[in-house]
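Got your viewer open and a selection box ready? Let's take a walk through this model, one stop at a time.

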Amino acid sequence: MAEQYLNTESDILIIGAGGAGMRAALAASDAGLKVTVVSKSLLGKAHTVMAEGGIAASLGNVDPKDNWQAHFGDIIEEGVYISNWRMAEILAKEAPQRVYELERYGALFDRTPDGRILQRAFGGHSYRRLCHVGDRTGLEIIRTLEDQVIHRQNVKIIDELYITSLLKKDGKVIGAIGLKMDKGEFHCFKAKAVVLATGGCGRVYKITSNSWESTGDGLGLAYRVGAKLQDMEMIQFHPTGMVYPPGVKGLLVTEGVRGEGGILYNSKMERFMERYSPQKKELDARDVVARANYAEIQEGRGTEHGGVYLDISYKGADFVKQKLPSMYMQFMEFAGVDITKEKMEVAPTTHYQMGGVRVDPDTGMTDVKGLFAAGEIACGLHGANRLGGNSLADILVFGKRTGEGATDYAKTAELVEVREEDIQNEISRVLSFLKPDGINAYDLIDELTSTMSDNVGIVREPDRLNIALAKILELKEKYPKVSAPGGRKYNHGLLAAMELSNMLVATEAIVRSAIMRPESRGAHTRKDFPKKDRAWLKNILCSDVGGEMKLDTEPVPTIPAELMELVKQEVY
Amino acid sequence: MEEKIILNIYRQDPSIEQKGQLQKFEVPYVDGMVVLDAVRYVQEKLDTTLAIRWNCKAAKCGSCSAEINGMPRLMCKTRVDTVGHNITVTPMGAFPLIKDLVTDVGENWEILRKIPKFTPREDMESPWKMQQMDVERSKEFRKCIECFLCQDVCHVIREHSTPYFGPRHVVKAASMDMHPLDSEDRSRMLDQVGGLGFCNITKCCQDVCPEHIHITDNAIIQEKERAVDNFYDPLARLIKRKKTKERSVA
């Protein structure tokens, strides 16, 4: 018997309700289009709420010399010259407008003494550039956008809905099928354009700062309909995650701590960043500080629980509580540590995917017609290393641009009928996981994430990478045996089974790309190739060719001469 | 010997079961673990059909609200060593049950839609200027992570059928009413549509707030006073009427 499902038709379907998804929805709504936003978690819970330190925009409120040109230079240099220059240019130019716009939507930023938006220092930024709300800037962005989105008549929000596959016809994406978890109902979405705003894949690692939902769903969805994944080896490890107690291992300690003056020490109480980066010290880019922390721990100068010390207590209790209230609470309540009196113990934690789905810089369109992507899922802006605060700028700037790109596309596209057979086949595929006695998806996820944390971390070596790849291929073999008992309503076992397929795409792309790049650049460090190589001024692309993952390289797009003047020459 | 804790978790799928029951699980204890770790252990290793809602595991998203030994709390923020080794976890009682520990909190967005969004003054020069001191006042309310524990504990919502929006929504209104550049006054709406008068200030909501927002003291009482001052104070009414007249004469 045919399965029942609900139909939704809209001009634009947006998958994901974090900052990028909601900003894209506002853009399409402004243009008068009918928009549907679906999200895996409840509205307002997206991973964006975890962003702490701030949003990078060259307002020049604190350092008047700052401008978009300086911001552009920082992105290219710290991205180690494999960023897409056009995306960097767009971000640097448009971030200030997006910040002021957010303020008009109702966000309340911290202020300078003369009443303007306050900006703080962050690693790798030449000037104090991060507009912030204490240390919970992401939450302010989500609430502000949520408030706008729920008051729009032409935006429909369906939360706790997991998209299981995209629909494609004649080379174009025409919709998607999903399972509404809280009801156990299937939905078929027809749309003229589909925007992926699904965030990253940080949960493919065991030790991670990422939310439950960051399983790389967008990567799997896009890859399976033919989009290309770019620079997947570039996984950012944040230098400072919590290490103790075990229950919170990996939880983020904002870079704002160092931005506000936090100092790193090893167990011998040496300020070791003076050795690794005499100029910028604690405020060097994340890849540099993460490698330094990692090296100190590896070389036996780590703390009791396998971290290094981070100290802000010398700034005094009032300062710490005002500037870093969430961090104060986080350490007090999870670890029983009073950071106004004691040092924190921290170690690197998986944080962000610089790679992702390749998109057109101006419109956000992927390699597949009708499919767009914005935010962490999209690739190109951050190159080999993302600067703190650029992800919040990214989701607003490219959320808007992609919403507009999808709008322009949708205006000339038509809704396409979906074949009933295709819908029924997809529903059957999902339901086929529902049986007792198969392999528990969580067991395989556990093996996968441990493998990634053990073998594909900050410093990579070929043997380890090959071990990881063999494990991933072994898990792919086992995957068809995965099943989940129970029904279709709010069944996490079923959800995990579906997420696992996306995690396998993400990890295979990460490991294969890491094997392919024989150099150390930004976040990608190879023990056997400790230097960067001019010949690898390239982007790596993964695509699905007849069920196999094929890798390819392309030279990084050449930066136009007038923009090149803003960037220091690369030194080898 | 491995140390264990006992979890008694509420199980029910109301679409097929009339009544729910507590199911007992044994979970290995890990130093520093929170209740969410224990519940997730059950879900991943013992029974994958257990329905829970969680996301950030860092007390920043407000998804994993439940009642732990009868107290509304975030599972991710409650350390096992603070609640004992025999723990009962039940869903929030003020919301319709979806399954096991997951409740339907959707009505909250229906209420949020009724609260007018931020409405800036029109006379502002761009970029806006505000003083930190004025910003601080509203900032407290913006810490809200929409966990709805305050709604869950509120006896007006739990035990009575009234139009009262609930503490979260008064906090939301206050966050905008106390924005230095907002031009809207939501107190009247809270009073007339949102049943603000039904709150009798027992302060239970601020006791359970994981973000330590002074919900009653700083949001509810302020909004109540604002409503009284603006719409019920006879003296203020007279002055207002006089001012309006003067303006219309001018």
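Start by selecting A:His132. Leaving out residues up to four places away in sequence, A:His132 touches A:Gly53, A:Gly54, A:Phe109, A:Asp110, A:Leu118, A:Gln119, A:Arg120 and A:Thr137, where contact means heavy atoms within 4.5 Å. Before going further, a word on the ground rules: this is a predicted model, in which local features need pLDDT of at least 70 and side-chain atom pairs count only at pLDDT 80 or more, while totals for chains, interfaces and linings use all residues. Residues are numbered from 1 along each chain as its sequence is written, chains are lettered from A and ligands numbered from 1 in the order in which they are written, and side-chain values use heavy atoms, with hydrogens and water left out.

Back to the histidine. A:His132 sits in the loop between strand S5 (130–131) and helix H4 (137–150) of chain A; helices (H or I, at least four residues) and strands (E, at least two) are DSSP runs, numbered from the N terminus. Is A:His132 buried or exposed? With a relative accessible area of 1%, A:His132 is buried (buried means under 20% relative accessible area, exposed over 50%, partly exposed in between, using a 1.4 Å probe and protein chains only). Draw a distance from the side chain of A:His132 to the backbone oxygen of A:Leu130 and you should read 2.9 Å.

Next, select A:Asp367, in the loop between strand S15 (356–358) and strand S16 (371–373) of chain A. A:Asp367 is partly exposed, at 38% relative accessible area. Which residues does A:Asp367 contact, leaving aside neighbours within four places in sequence? They are A:Ala227, A:Lys228 and A:Arg358. With A:Arg358 there is a side-chain to side-chain polar contact at 3.2 Å. A polar contact here is a pair of N or O atoms within 3.5 Å; within protein, one must be able to donate a hydrogen and the other to accept it, and residues adjacent in sequence count only if both atoms are side-chain atoms. Label A:Ala227 too: 140 residues separate A:Ala227 and A:Asp367 in sequence, yet their C-alpha atoms are 5.1 Å apart.

Now for a helix pair. Show H13 (residues 441–455) and H15 (residues 492–516) of chain A: their axes come within 9 Å and cross at roughly 25°. Axes are lines fitted to C-alpha atoms, for helices over the stretch in contact, and angles run from 0 to 180 degrees between N-to-C directions. H13(A) and H15(A) are therefore roughly parallel; angles under 35 degrees count as roughly parallel, over 145 as roughly antiparallel, 65 to 115 as roughly perpendicular and the rest as oblique. On the H13(A) side, put sticks on A:Ala441, A:Tyr442, A:Leu444, A:Ile445, A:Leu448, A:Thr449 and A:Met452. On the H15(A) side, the contact residues include A:Ala496, A:Leu500, A:Met503, A:Leu504 and A:Ile510. Colour the contact of H13(A) with H15(A) by class and you get 13 nonpolar, four polar and no charged residues. For that colouring, Ala, Val, Leu, Ile, Met, Phe, Trp, Tyr, Cys and Pro count as nonpolar, Asp, Glu, Lys and Arg as charged, and the others, Gly among them, as polar.

Hop to chain B, which has 10 helices and seven strands. Its C-alpha atoms fill a box of roughly 85 × 40 × 25 Å along the principal axes, and buried residues make up 54% of its 250 residues. Select H6 (residues 167–177) and H9 (residues 215–231) of chain B, which pack at about 70° with axes 9 Å apart. H6(B) and H9(B) are therefore roughly perpendicular. B:Pro167, B:Val170, B:Val171, B:Ala173, B:Ala174 and B:Asp177 in H6(B) meet B:Ile215, B:Ala219, B:Ile220, B:Glu223 and B:Arg226 in H9(B). That contact has eight nonpolar, no polar and three charged residues.

Last, some backbone oddities. Most residues other than glycine have a negative phi, and most peptide bonds are trans. The bond from A:Tyr244 to A:Pro245 is cis, with omega near -5°, and a cis bond also joins B:Ser126 and B:Pro127, with omega about -10°. A:Tyr490 has a positive phi of about 35° and is buried at 3% relative accessibility. Finish on B:Phe148, whose phi is positive at about 65° and whose relative accessible area of 2% makes it buried.
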